[in-house]
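Here are some notes on the model you sent. They start with the charged pairs and end with the chain overall.

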Amino acid sequence: MSQQHFVGLDISVKETAICIVDPHGGVVHRASVESDPVVIREHLIGLGIVFGRIGIEAGPLSSWLYAGLVEADLPAILVETRHMHAALSARINKTDRNDAQGIAQMMRVGLFKAVHVKTPASQQRRLLLTSRKLLQRKAYDIENDLRGQLRTFGLKVGTVGAARFDARVRELVDDHEAVAAVVIPLLLARDALRTQLAKLHKLLLEAVRVDPVCRRLMTAPGVGPVVALTYRACVDNPARFSRSRCVGAHYGLTPRLYQSGEVSRTGRVSRCGDAMMRTALYEAGLVLLTSPRGRWSSLKAWGMGVARRRGIQKAIVAVARKLAIVLHRMWRDNTQFRWSAAQA
């Protein structure tokens with residue numbers, strides 16, 4: 001039986017450094033090829049070597065390259081970035097060759113944490129969410145900048161909604177020709193951003209409308225279309241979590257723990273994992289606890305009890321963590337939200 005060899009791929013935009021080691025850690029092959037899945041897999045297959053594991057650090061190109069290698073039945077593994085950095089930081093000289101060798105050694109000894117690779121459908125959902133958020137943030141930046149700049153000339157926009165913002169600013173600068181010459185182009189740019197934002201938001205609503213999982217998640221209080229689609233895109237496959245309780249910890253909503261000898265401290269939440277998911281869950285928890293029009297539920301009653309004991313901020317985080325668990329169980333069991341303990 002042929003010995004299994006282990007591969008490390010250090011990926012950059014143009015080239016990928018390849019290092020292959022034998023079961024004893026000796027380097028048997030080095031190369032540098034184009035960062036393309038077809039080129040990499042043809043190079044590896046052409047060597048005629050039996051591969052045990054092929055390590056790739058998680059990054060912008062990683063999912064694309066990983067899919068190309070798996071398609072050729074190569075044992076590719078996507079490695080968590082923090083684990084990779086911790087293992088490679090001990091090396092004095094950081095080069096692509098050294099990093100590729102370090103990754104290959106991690107594959108050989110099994111010192112790594114594999115990352116779940118999302119399906120193309122989830123990646124498309126995430127693209128929609130991040131693009132919508134980008135346009136929304138840029139529109140807000142223009143509005144806030146205009147508010148601040150106009151105050152320099154004693155022009156106060158005041159409290160106006162997004163629909164009346166343009167008319168209000170034009171009204172203020174109507175008698176200031178020099179100011180208007182600068183402000184009007186910004187208003188036109190904001191209008192273009194808002195138009196495209198509305199198109200992306202419509203696409204988001206249509207995606208949620210035809211997705212049975214999102215519609216089921218939206219039966220939970222505080223969960224709207226954006227939160228539901230974010231949860232759908234980030235979790236991707238509920239079976240990847242052995243227990244629903246793992247979801248809150250995976251997305252950084254559980255406190256850090258420091259324990260050494262007689263010292264044991266519980267800190268703030270870890271904030272590890274996907275920030276977009278964590279933000280969506282926090283917003284859902286905020287709406288659930290603070291909205292006066294929301295229907296009463298056992299989850300809200302539990303959150304209000306935490307708020308009385310620990311304060312509203314900690315209660316929102318606690319409800320966000322609990323909501324992540326509840327949504328995962330709803331998804332796995334194909335059930336809607338249970339508003340009371342009697343229903344459960």
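1. A salt bridge here is a side-chain nitrogen of Lys or Arg within 4 Å of a carboxyl oxygen of Asp or Glu. The model is predicted. By this rule the count comes to eleven salt bridges.

2. Glu80 and Arg82 form one of them, with 3.3 Å between the closest N and O atoms. Glu80 is buried, at 17% relative accessible area, whereas Arg82 is exposed, at 53%.

3. Arg190 and Glu143 meet in a salt bridge with an N to O distance of 2.7 Å. Arg190 lies in helix α7 (residues 177–209) and Glu143 in helix α5 (residues 120–151), so the pair ties together parts that are 47 residues apart in sequence. Arg190 is buried, with a relative accessible area of 3%; Glu143 also counts as buried, at 10%.

4. Asp333 and Arg329 form a salt bridge at 3.4 Å, N to O. Both lie in helix α13 (residues 312–333), four residues apart, which is about one turn of the helix. Asp333 is partly exposed, at 37% relative accessibility, and Arg329 is partly exposed at 36%.

5. Arg125, Asp211 and Arg232 are joined into one network by salt bridges that share partners.

6. On charge overall, the chain has 51 positive and 28 negative charges, and their mean positions are 13 Å apart.

7. The chain has 13 helices and seven strands. Its radius of gyration is 26 Å, where a compact globule of 344 residues would have one near 20 Å. Buried residues make up 40% of the chain. The exposed area is about 19,400 Å², with carbon and sulfur atoms supplying 53% of it.

How values were computed: Residues numbered from 1 in each chain as written. Predicted model: local features only at pLDDT ≥ 70, side-chain atom pairs only at ≥ 80, totals over all residues. Heavy atoms only, no water. Helix = DSSP H or I, 4+ residues; strand = E, 2+ residues; numbered from the N terminus. Rg over C-alpha atoms; globule rule 2.2 N^0.38 Å. Buried < 20%, exposed > 50% of the residue type's maximum accessible area, 1.4 Å probe, protein only. Areas by Shrake-Rupley, 256 points an atom, 1.4 Å probe, with all protein chains shown as cover. Lys, Arg positive; Asp, Glu negative; His and termini not counted. Charge placed at Lys NZ, Arg CZ, Asp CG, Glu CD.
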